[in-house]
There are 2 protein chains.
Amino acid sequence: MPVSKRKSRLLSSLGEFGLINTLARNLPVSGEVFVGVGDDAAVVKGDSKKYMLFTTDMIAEDVHFKRGDSPVFIGQKAMSCNISDVAAMGGVPKFAVISIGLPKTLSVEYVKKIYQGLEKRAREFGVVIVGGDTIKSDKIIINVALTGEVEKESLVRRSGAKKGDWIFVTGPLGKSFGSAHHLSFKPRLKESRYLVKHFQPSAMIDISDGLAPDLGHILEASQVGARLKEGKIPRRNQASLKEALYDGEDFELLFTLSPKNVDKLLRTRTPFSFYHIGEITGKNGKIILLDKNLQVREIHPKGFEHF
Amino acid sequence: MPVSKRKSRLLSSLGEFGLINTLARNLPVSGEVFVGVGDDAAVVKGDSKKYMLFTTDMIAEDVHFKRGDSPVFIGQKAMSCNISDVAAMGGVPKFAVISIGLPKTLSVEYVKKIYQGLEKRAREFGVVIVGGDTIKSDKIIINVALTGEVEKESLVRRSGAKKGDWIFVTGPLGKSFGSAHHLSFKPRLKESRYLVKHFQPSAMIDISDGLAPDLGHILEASQVGARLKEGKIPRRNQASLKEALYDGEDFELLFTLSPKNVDKLLRTRTPFSFYHIGEITGKNGKIILLDKNLQVREIHPKGFEHF
């Protein structure tokens, strides 16, 4: 097999999204699939009132965490990022299966703590762990696959943002890797359920790649543009603007509300903080940043890429 | 973190089952979960007529395949072993999410071929791939999580074998790793569906660990024993008896039928081969082997272990 033949293109030459898009193009579709590859979770046929959601995330040692990190936090993270995907669709998580690749030299105690973290987050968010697989590997690899459900009227996709909608985030951004946030964050499930119950967002995504790239996903799916106000973007631990825009792994929700729902929100005392950071424009795919001196510049929806 | 502190127990000291059993003990349960950890797939609430099935399998380079193996076959295997788990419950597979860890130095062509294999098997067995995750890793890791469904009356568990039932397998055993079988096998889904439609097995499992260990799982879950007839165990490529009993990765179905269904089967021209290899006895947990000279000896349900 020409695994690394000189003339063949290597993975390192493609961005992750390029790869997924290339490969997803040929995937078979089915009348029971409402949203396939390309949103935070797949949406498939459920019962008469609800859709079923289905998502998966793999995290690996030295990419998403270090062996020296708290194993409880590592377990929490593996579960949390999947719950965050279900939250981004407006749904509630249900059942999880977990695969773990483990080095032989790891202590049983360490592995138990990973499971403690997985179970802790599962319990907190009503997830039932129903199965799994354990294999040996050189580095620690954890994969969680999670089902969920969402009332048909509560489903939020990336594709519903409209010109004039306001853009919000649920918390401060940037420096997630510099802090323990990327390991210990709590998925914004309550916030999501509160939003779909009262203000039905027109589009939503969880910020895993970074504010600019994930906003880019909403813009692409919705075929709109955005204008962000630099001074309104909440930042973690004195993150720079660049860090707030591109760092990734914040796991805050980024969502848009119609003017009507914005009015309603502004008249409501909410139990959660929602930060208004900008508006949706008609300028297809473009992100315009308005700085403190009211100068505008275009920024690129490109940040952290896995390859 | 005491990752490998001298006095702490290392994973290498535990069998895989020991580990899963230890960790599964504390898993929360729910009224919507009918079978959790400890069967081929989890069984959770579906609709009024069907249960939902949920399973996952992770395969890794240098454990379950080599980089020099056909990437199409590697993809096929990752999908097939999950379909085999659903078949072992009597169900049909539905939706899959796929996570892949890939080295940067892999060629795009190689990765495309892995996906081709995944898609080929998915298409053949009616599975729709609805999502996934791609990360970088030092070795190739593929995780498939698969949902399925099964009519409530068709569900087959490991726990239903009764004294007097006959034991069958769907094909020859042993030397799976020596051949391409462990990569190219076709999951026995049609066979499973034929069985649940006509002869409802009392217990079923797919042979991934090996005939003796997987029979051991049925015996443990059903609290019975078994008597196998050495001469009746079908073998692949002149496999030795030991290889047929312990090699693993055969992915044939091992199932038991009540005497009434055995009568019915013996009077039926089936479109598939079912090999009668022994009977269920009352001797709790024991596997007795009857050799060609009618000598009996006890064998141990211990074979290939992941650690």
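**Exercise 1. Place helix α2 of chain A against the strands: which strands of chain A does α2(A) lie across?**

Step 1. In this predicted model, α2(A) lies across β8 and β10 of chain A. Its direction is about 175 degrees to that of β8(A).

Step 2. Now look at the sheet. β8 and β10 belong to an open sheet of 7 strands in chain A, ordered β8-β10-β7-β11-β9-β12-β13, and the pairing is mixed. At its edges stand β8 (203–206) and β13 (296–299), each with a single partner strand, so one side of each has no neighbour in the sheet. On average, neighbouring strands here are turned by 25 degrees against each other, direction ignored.

Step 3. Zoom in on one pair. β7(A) and β10(A) (residues 253–257) run antiparallel and share 4 bridges. Check the phenylalanines: F168(A) sits opposite F255(A) in β10(A).

**Exercise 2. Describe how α2 and α3 of chain A pack: at roughly what angle do their axes cross?**

Step 1. Start with the geometry. Two packed helices are described by the angle between their axes and the distance between them. For α2(A) (residues 71–88) and α3(A) (residues 108–124), the axes come within 6 Å and cross at roughly 35 degrees.

Step 2. Add the hand: the crossing of α2(A) and α3(A) is right-handed.

Step 3. Find the residues that meet. On the α2(A) side they include F73(A), M79(A) and I83(A), and on the α3(A) side they include Y110(A), L118(A) and A122(A). Sorted by type, the residues of this contact come to 12 nonpolar, 5 polar and 3 charged.

Step 4. Try chain B. Here α2(B) (residues 71–88) and α3(B) (residues 108–124) have axes that come within 6 Å and cross at roughly 35 degrees, and this crossing is right-handed. The contact of α2(B) with α3(B) has 12 nonpolar, 5 polar and 3 charged residues.

**Exercise 3. Track down the core: which residues have the most contacts inside the largest nonpolar core?**

Step 1. Get the overall picture of chain A. Its secondary structure comes to 8 helices and 13 strands, and 54% of its 307 residues are buried. Of the chain A contacts with a separation of 6 or more, 84% link residues 24 or more positions apart.

Step 2. Go to the core. The largest nonpolar core has 184 residues, and A96(A) and A96(B) have the most contacts inside it.

Step 3. List the partners. Beyond its neighbours within four places in sequence, A96(A) touches residues including M79(A), A122(A), V130(A) and L146(A). Two of these names should ring a bell: M79(A) and A122(A) also turn up where α2(A) meets α3(A).

**Exercise 4. Inspect two positive phi values: is K175(A) buried or exposed?**

Step 1. K175(A) has a phi near 55 degrees, positive although the residue is not glycine. Find it in the loop between β7 (166–169) and α4 (181–184) of chain A.

Step 2. Count the surroundings. K175(A) has 20 other C-beta atoms within 10 Å, so it is buried; the cut-off is 20 or more.

Step 3. Repeat for E249(B), another non-glycine with a positive phi, about 60 degrees. It lies in the loop between α7 (241–246) and β10 (253–257) of chain B. With 19 other C-beta atoms within 10 Å, E249(B) is partly exposed.

Note on methods
Residues are numbered from 1 along each chain as its sequence is written. Chains are lettered from A and ligands numbered from 1 in the order in which they are written. This is a predicted model: local features need pLDDT of at least 70, side-chain atom pairs count only at pLDDT 80 or more; totals for chains, interfaces and linings use all residues. Axes are lines fitted to C-alpha atoms, for helices over the stretch in contact, and angles run from 0 to 180 degrees between N-to-C directions. Helices (H or I, at least four residues) and strands (E, at least two) are DSSP runs, numbered from the N terminus. A crossing is left-handed if the near helix is turned anticlockwise from the far one by less than a right angle, and right-handed if clockwise. Two residues are in contact if their C-beta atoms, placed from the backbone, lie within 7 Å. Ala, Val, Leu, Ile, Met, Phe, Trp, Tyr, Cys and Pro count as nonpolar, Asp, Glu, Lys and Arg as charged, and the others, Gly among them, as polar. A residue is buried if 20 or more other C-beta atoms lie within 10 Å of its own, exposed if 12 or fewer, and partly exposed in between; C-beta atoms are placed from the backbone. A nonpolar core is a set of buried Ala, Val, Leu, Ile, Met, Phe, Trp, Tyr and Cys residues joined through C-beta atoms within 7 Å. Two strands pair if DSSP finds at least two bridges between them.
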